[in-house]
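The exercises below concern the structure shown next. Each sets a task and then works through a solution.

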Amino acid sequence: MSSIPASLIGLGVAAVLGLSGAARAGEVEVLHYWTSGSEAKATASLKASLQAKGHTWRDFAVAGGAGDAAMTVLKSRVVSGNAPSAAQIKGPSIQEWAREGVLASIDDVAKAEQWDSLLPKVVSDAMKYKGSYVAVPVNVHRINWLWINPAVFKKANAKVPTTWDEFFVAAEALSKAGVTPLAHGGQSWQDFTTFEIVALGLGGPEFYKKAFIERDPASLAGPTMEKTLETFKRLKAYTDRGANGRDWNLATAMVIKGEAGMQLMGDWAKGEFQAAGKVAGKDFLCVAAPGTAKSFSYNIDSFAMFQVKGADKIKAQKDLASAIMAPAFQETFNLNKGSIPVRAGVPLDKFDDCGKLAAKDFADSAKSASLLPSVAHGMAVPAAAEGAMKDVVSQFWNADKMTAKDAMSKLVAAARTR
Amino acid sequence: MQTRHSGPNPWLPRLVVAPGLALGLLFIYGLMAWNGYLSFSASRLMPNYGFVGWAQYEALLENDRFRVAMTNLAIFGPLFIGGAMALGLLLAILLDQKVRAEGVLRTIYLYPMAISFIVTGTAWKWMLNPTTGLEQVMRQWGFADFSFDWLVDPERAIYCVAIAGVWQSAGFVMALFLAALRGIDDAIIKAAQVDGASLPRIYWRIIIPSLRPVFFSTLMVVSHLAIKSFDLVMALTAGGPGYATDLPATFMYATAFTRGQIGLGAASATVMLATVAAIVVPYLYSELRPRK
C-alpha cells in the first residue's frame with residue numbers, strides 16, 4: 001500500500017470525485033490588485049459571471065505598490081501550501097512561478113475553446129509553460145501612445161508629431177508658448193517606458209527585439225542604442241523640474257489641465273482623461289508615439305492558475321478560466337479598464353476611437369511580427385534583469401554627467417543579471 | 001520558612017519568562033540565522049536551499065546600486081546621528097535655562113517624534129520640491145533667482161533625507177538629554193560657580209561629561225534608526241532620483257521582495273547586520289564592562 005505513489009492515489013480520488021460531482025459548485029479564491037474604482041467595477045463583472053455558474057467567489061484583493069504587496073502575500077501563501085485558485089501574475093513571472101512547480105494546467109479548457117486560434121502566438125506562448133496553458137490573459141494595454149492636448153497644440157501652433165524630429169520641433173514650439181512640452185513622472189518605470197518607446201521609434205521592432213528581448217550585447221552597445229540614449233536624454237530638457245517622483249496620473253493631469261502638451265504613457269492614461277470628462281478625439285488625442293505607428297508594445301494582464309485540492313475547486317477554477325476568456329467579460333472589463341480585449345471575436349462598437357485604433361493595430365502588428373512585449377511593465381525580461389536595466393536608465397536620465405557610452409556598458413552588464 | 005521565601009514553586013518565574021524568551025529566540029535569532037542561511041542559497045522568487053557559497057556576496061559587491069546604497073549610508077548615517085544628537089543637545093541645554101513656557105516649547109520640539117516617518121517624508125517632499133515648495137515660494141515673493149533643488153539633484157538628494165531625519169529625531173534626543181540634565185545635582189554646578197567657572201565651561205567640562213550614560217543610550221537609538229531607515233526614504237524620494245538615495249534597507253526590500261532575488265536581498269541584510277554589529281558590539285562592550 002505504502003509503495004503506491006501518493007500522486008497516483010490523488011489521481012484516483014480526483015477521478016472518483018470528478019465522476020460523482022461533475023456539476024458540484026466550488027469556490028474560487030482570486031488574488032488581484034485591482035482595487036481602484038474602475039478596476040473594481042471590472043472585477044465585479046467577473047465575480048458575477050462566476051456566481052451565475054453557482055460558484056462562490058472569495059475576493060483576495062491586496063492593494064498597493066503595483067502588485068508588489070500582492071506578490072509578497074502570494075509568496076507566503078504558496079510557501080505555506082495554501083495557494084489561491086488564481087493570482088494576477090503577468091509576463092515572464094508566469095514562467096518563474098511555473099518553474100517552482102506550483103501552477104496548474106488548464107489545457108482541457110483551452111483545447112475545448114480553441115484558445116490557440118483566438119490569441120496571437122506571442123500572447124499564447126507567454127501563457128504556456130512547456131506547452132500547456134497555466135495562465136489566462138485578461139486584457140491588452142498598448143504602451144506606445146502619445147497623449148496630446150490639442151488646445152495647447154493649437155495655441156502654440158504645433159503639429160502632431162509622427163517622427164522624433166517632428167517631436168522636437170513641436171516640443172520647441174510648446175516651450176516657446178510657455179507650457180511644459182512633455183509631462184513626465186520621474187519614477188524608474190516611467191523613465192523606462194519613455195526610453196523603450198524612443199528605442200522602438202528609432203530602431204524599429206527588429207532592434208527592439210534584439211536589444212530588449214534577446215538582450216544581445218552588440219545591440220545594447222551599438223550605434224542605434226547610442227542614438228536612442230541621446231534622444232531620450234534630449235527629452236529631459238522638455239520636462240519640468242518637479243517631475244522627480246511624480247505619479248503618472250499627476251503627469252496626465254498636467255496634460256488635461258493644459259499645463260503640459262504631451263505625455264508618453266500606456267492607455268490607462270485614457271481613464272484619467274475620461275474621469276475628467278474629456279472626450280477622445282476632441283479634448284485629447286491619442287496617437288502612436290513618434291515612429292511607432294506600425295508597432296505595438298503591450299502590457300498584458302493575466303491570471304495564473306495555482307494547483308488547488310478538491311474536484312469542486314478544480315472545476316470552479318476551470319470555469320473561472322473560461323469566464324475570463326468569454327467575449328462578454330472581455331468587453332465589459334476592457335471598457336472599464338481602458339484597455340482592449342486580448343482575444344479575437346469581441347465586438348468593438350462600444351469602444352472609443354483610441355480603443356478601436358489599438359485593437360486594429362494589435363491585430364495588424366500580430367501578423368507583421370511587430371507585436372512586442374514591454375520591458376518597463378514586466379513583460380519581456382525576468383524581474384531581476386528588468387530591475388537592473390531600469391536602474392541604469394533612470395540613473396542615466398538623472399545624472400547629467402553620465403555619457404551614453406557609460407550607460408551602454410552598464411546596460412550590457414545589467415541585462416546579464418540573472 | 002525557607003520554602004516560603006523561594007515561593008510556592010521555584011520554577012514558576014522561569015516558566016513565566018520562558019515563552020517570551022523562546023519567542024525572542026525564535027523570531028529574532030532564529031530568523032536572523034535563517035536569513036544568514038538564505039544568503040548562501042540560490043533563492044530567487046521563493047526560498048530555495050541549493051547552496052551557492054559566497055556567490056550572492058560576490059554579486060552584491062559588484063552591484064552598482066548596492067555600492068551607492070552603502071555610500072549613502074556612510075553620508076546619511078553620520079549626518080543624521082551627529083545632526084540629531086548635536087541639535088537635540090543644544091535644544092536641551094537652551095530649554096534647561098529655566099525659560100518661560102518651557103512645557104509648551106518642549107512639547108513643540110518633541111512633537112515631530114509623534115509623526116510617522118511617512119508623514120515627515122511626504123511633507124518634506126512638498127517643501128523641498130522645486131515646483132511646489134520653498135523655491136516656488138521664494139520666487140513668488142520676488143527672489144527670481146532663488147534656487148533650491150537638492151531634492152532633484154542626484155548628488156545632493158541624500159542630504160535632503162538627512163535634513164528631514166534630523167528634524168524628526170532632534171526633539172526626541174532633546175527629551176532624553178533634558179531628563180538627564182534635570183538629574184544633575186545642582187550642588188556640583190553651584191560649587192563650580194563658586195570656583196569662578198564660566199557657564200560654557202561648566203557645561204563643557206562638568207555637565208556634558210556627566211551625561212555620558214544618556215549619550216550611550218541615545219546613540220544606540222539614533223544609530224539603529226539610521227541603519228534601518230526605510231520609510232523616510234520611501235516617502236521622501238522613493239530612492240530617487242534614479243537610485244541616488246537608496247539605502248541598504250531599501251535595496252534589500254527591492255531585491256528580496258520585488259525583483260525575485262531573495263538570496264541577494266538576504267546577503268545585503270546580513271551585511272547590514274554586520275554593520276550594526278561592528279558599531280554596536282564594541283561600544284556595548286566598552287560601556288557595559290564593569291569599571292575597575
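**Exercise 1. Determine which residues of H15(A) are buried, and check the length of the helix.**

Solution. Step 1: The model is a predicted one, and burial is judged by a count of 20 or more other C-beta atoms within 10 Å. By that count, the buried residues of H15(A) are A:Ala311, A:Ile314, A:Lys315, A:Ala316, A:Gln317, A:Lys318, A:Asp319, A:Leu320, A:Ala321, A:Ala323, A:Ile324 and A:Met325.

Step 2: These are twelve of the 15 residues of H15(A), so the helix is largely enclosed by the rest of the structure.

Step 3: Helix H15 of chain A covers residues 311-325, and at 1.5 Å a residue it should span 21 Å. Its end C-alpha atoms are 22 Å apart, which agrees.

**Exercise 2. Locate the largest nonpolar core and state where it lies with respect to the domains of chain A.**

Solution. Step 1: The largest nonpolar core holds 127 residues. A:Val134, A:Ala135, A:Trp147, A:Ala304, A:Met305 and A:Ile324 have the most contacts inside it.

Step 2: Among the elements, helix H10 (residues 188-213) of chain A gives the most to this core, namely ten residues.

Step 3: Both domain 1 (6-141 + 299-356) and domain 2 (145-297 + 366-415) of chain A give residues to the core, so it lies between them.

Step 4: Another core lies apart from this one; it has 59 residues, including B:Phe66, B:Phe76, B:Ile227 and B:Val233.

Step 5: For the surroundings of one core residue, take A:Trp147. Leaving out residues up to four places away in sequence, A:Trp147 touches A:Thr252, A:Val255, A:Met262, A:Gln263, A:Met265, A:Ala269, A:Phe284 and A:Cys286.

**Exercise 3. Describe the contact between domain 1 and domain 2 of chain A.**

Solution. Step 1: The C-alpha centres of the two domains of chain A are 31 Å apart.

Step 2: Domain 1 of chain A puts 16 residues into the contact, and domain 2 of chain A puts in 18 residues.

Step 3: On the domain 1 side, the elements giving two or more residues are helix H4 (92-99), strand E11 (296-305) and helix H17 (353-367) of chain A. H4(A) gives the most, with three residues.

Step 4: By class, that side of domain 1 has five nonpolar, seven polar and four charged residues.

**Exercise 4. State how many residues of chain A and chain B are in contact, and what the side of chain A consists of.**

Solution. Step 1: The contact joins 22 residues of chain A to 24 residues of chain B.

Step 2: Helix H3 (68-79) and helix H18 (383-398) are the elements of chain A that give two or more residues to this side. H18(A) gives the most, with eight residues.

Step 3: The side of chain A that touches chain B divides into ten polar, seven charged and five nonpolar residues.

**Exercise 5. Set the radius of gyration of each chain against that of a compact globule.**

Solution. Step 1: Chain A has 418 residues, for which a compact globule would have a radius of gyration near 22 Å; the value for chain A is 23 Å, which agrees. Its C-alpha trace spans about 80 × 45 × 35 Å along the principal axes, and 52% of its residues count as buried.

Step 2: For the 292 residues of chain B, the globule value would be near 19 Å, but chain B has 24 Å. The C-alpha trace of chain B spans about 85 × 70 × 35 Å along its principal axes, and buried residues make up 35% of the chain.

Step 3: For the secondary structure, chain A has 19 helices and twelve strands, while chain B has 14 helices and zero strands.

Conventions: Residues numbered from 1 in each chain as written. Chains lettered and ligands numbered in written order. Predicted model: local features only at pLDDT ≥ 70, side-chain atom pairs only at ≥ 80, totals over all residues. Contact = placed C-beta atoms within 7 Å. Helix = DSSP H or I, 4+ residues; strand = E, 2+ residues; numbered from the N terminus. Nonpolar A, V, L, I, M, F, W, Y, C, P; charged D, E, K, R; others polar. Core = buried A, V, L, I, M, F, W, Y, C linked by C-beta atoms within 7 Å. Domains from an automatic or database assignment. Rg over C-alpha atoms; globule rule 2.2 N^0.38 Å. Expected span 1.5 Å × (residues − 1).
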